[in-house]
Amino acid sequence: MNTPAALPRTPAPLRAALLMFGSAMAFGLMAIAIRYATRFVPTQEVAFFRNAFGLLALLPMLMRPGHGSLRTQQLPRYFLRSAIGLASMLCGFWAIGHLPLSQAISLSYSTPLFVTIAAVLWLGEKVRVRRWAAVIAGFIGVLVIVRPGAHGFEAGSLVAVLAAMLSALVAIQIKQLTRVDSPDAVVLYTYLFWVPLSLVPALFVWVWPTGIAWLWLLATGVMGTVGQLLWTRALKLGEVSALTPISFTQLPLVVTLGWLLFGETLDRWTVIGALIILGSNAYIAHREAVLSRRAATQAPSAAAKPGE
């Protein structure tokens, strides 16, 4: 009797692309759940339940037999990363709950622009003219969306920009943490700090959820955790330059659901600004990938000439 031939393994780049697409969809659905949840409970409480339910969804995945070590010697750094991350989360959730979804999500994509600046100031990375030009173009996109001084300016849009700035600091801290700890350990310890930290502000405005509110709060936690895990695994398998454009699929999903579920219309300035921001992000990711490959190919020759 002939045994069936083994199915060919999916190539790593395709698996990475599918994981990134799944991550974008999960984060998009989380945004919709946040918008619904903020109708029932305050933003601070939404953040707490997102973290609490997220941790419950995460533990079975990380505690399964055969999983790698989750130990760490960096607890003070995790506390700082979690505190800044919580501030970013509260600002981002407020923006999703109070601004048009297309505007809130578009401005969240400005995070890589701030990451580039933070990497220069904090990590001492060198950024050349072309990447600086992309960063400047990205900030022009932010200004197009926010339109300070114009008739359509909303002060609340600055909260979304602040969320992106704080998220950039978190991204730099994650770079430092993952030099020692595994990505799963970073996610786990972040949640372990997030739950008690987010409970404190929630207690000052506490309202017990009722009925369907529990469903939306549960969805924020589960979708957020699924999105994070898929995102970290996608970046482990594929290149940032190839995966970054795929992550942008979150925006059309959120825009479409915002129109269908909340009757939101798409502002032309948001479209123009979003395209500028996404284009600059794609170029920054491409340049970082090129420079990483160049450094990897030059490292062996440099190591062979220690006297130079």
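Helices here are DSSP runs of at least four residues, numbered from the N terminus. In this predicted model, one such run is α4, which covers residues 101-108 and holds Ser102. Ser102 is a buried residue, since its relative accessible area comes to just 6%. Setting aside neighbours within four places in sequence, its contacts are Leu251, Val255, Glu264, Leu266 and Thr270. One of those partners, Glu264, comes back below as half of a salt bridge.

Stepping back to the whole chain, there are twelve helices and zero strands. Read from the N terminus, then, the list of elements is simply α repeated from start to end. The chain has 308 residues, and 44% of them count as buried. Take the contacts with a separation of 6 or more: 90% of these join residues 24 or more positions apart. As for the outside, the chain exposes about 15900 Å², with carbon and sulfur atoms supplying 70% of that area.

Helix α8 is a good place to look at a single element in detail. It runs over residues 183-203, 21 residues in all, and its first and last C-alpha atoms lie 31 Å apart, close to the 30 Å expected. There is a kink, though: about 30 degrees at Trp194, shortly before the proline Pro196. Trp194 is also among the buried residues of α8, along with Asp184, Tyr189, Tyr191, Val195, Ser198 and others. The cover over these buried residues includes α2, α3 (75-98), α7 (157-177) and α9 (213-237).

Helix α9, part of that cover, also fits its expected span. Its 25 residues should stretch over 36 Å at 1.5 Å a residue, and the end C-alpha atoms are 37 Å apart, so the two agree. The buried residues of α9 include several glycines, namely Gly221, Gly224 and Gly227, as well as Thr220, Thr225 and Thr232. In general, an α-helix has 3.6 residues a turn, so residues three or four places apart point the same way.

Between α8 and α9 comes a loop, and Val205 sits in it. Val205 counts as partly exposed because its relative accessibility is 30%. It is in contact with Pro42, Gln44 and Glu45, leaving aside neighbours within four places in sequence. For Val205 and Gln44, the C-alpha atoms are 7.5 Å apart, even though 161 residues separate the two in sequence.

Another loop, the one between α1 (12-37) and α2 (43-62), holds Phe40. With 39% relative accessibility, Phe40 is classed as partly exposed. Together with Ile212 and Leu215, Phe40 makes up a nonpolar patch on the surface, and the three share about 280 Å² of accessible area. Arg39 is in the loop between α1 and α2 too, and at 55% relative accessibility Arg39 counts as exposed. From Arg39 to Gly97 is 58 residues along the sequence but 8.0 Å in space, C-alpha to C-alpha.

Opposite charges are the next topic. As a general matter, side chains of opposite charge can pair when their charged atoms come close. The search of the whole structure turns up two salt bridges. In one, the side chains of Arg35 and Glu264 meet at 2.8 Å, N to O. This pair links distant parts of the chain, with Arg35 in helix α1 and Glu264 in the loop between α11 (250-262) and α12, 229 residues apart. Both Arg35 and Glu264 are buried. The other bridge joins the side chains of Asp267 and Arg147 at 3.4 Å, N to O. Asp267 belongs to the loop between α11 and α12, and Arg147 to the loop between α6 (129-146) and α7, so this pair ties together parts 120 residues apart in sequence. Asp267 counts as partly exposed because its relative accessibility is 28%.

Last comes helix α12, residues 268-303, which is home to Ile277. Ile277 is buried, as its relative accessible area of 0% shows. Not counting residues up to four places away in sequence, Ile277 touches Ser106, Tyr109, Ser110, Gly138, Gly141, Val142 and Ile145. There is also a long jump in sequence from Ile277 to Ile136: the two are 141 residues apart along the chain, with 9.8 Å between their C-alpha atoms.

Technical notes
Residues are numbered from 1 along each chain as its sequence is written. This is a predicted model: local features need pLDDT of at least 70, side-chain atom pairs count only at pLDDT 80 or more; totals for chains, interfaces and linings use all residues. Side-chain values use heavy atoms; hydrogens and water are left out. Patches are made of residues with over 30% relative accessible area and no salt bridge: like charges are joined within 9 Å, nonpolar side chains (Val, Leu, Ile, Met, Phe, Trp, Tyr) within 5 Å. Accessible areas come from the Shrake-Rupley method with a 1.4 Å probe; for residues, only the protein chains shown count as cover. A salt bridge is a side-chain nitrogen of Lys or Arg within 4 Å of a carboxyl oxygen of Asp or Glu. Helices (H or I, at least four residues) and strands (E, at least two) are DSSP runs, numbered from the N terminus. Buried means under 20% relative accessible area, exposed over 50%, partly exposed in between (1.4 Å probe, protein chains only). The expected span of a helix is 1.5 Å times one less than its number of residues. The bend at a residue is the angle between axes fitted to the seven residues ending there and the seven starting there. Contact means heavy atoms within 4.5 Å.
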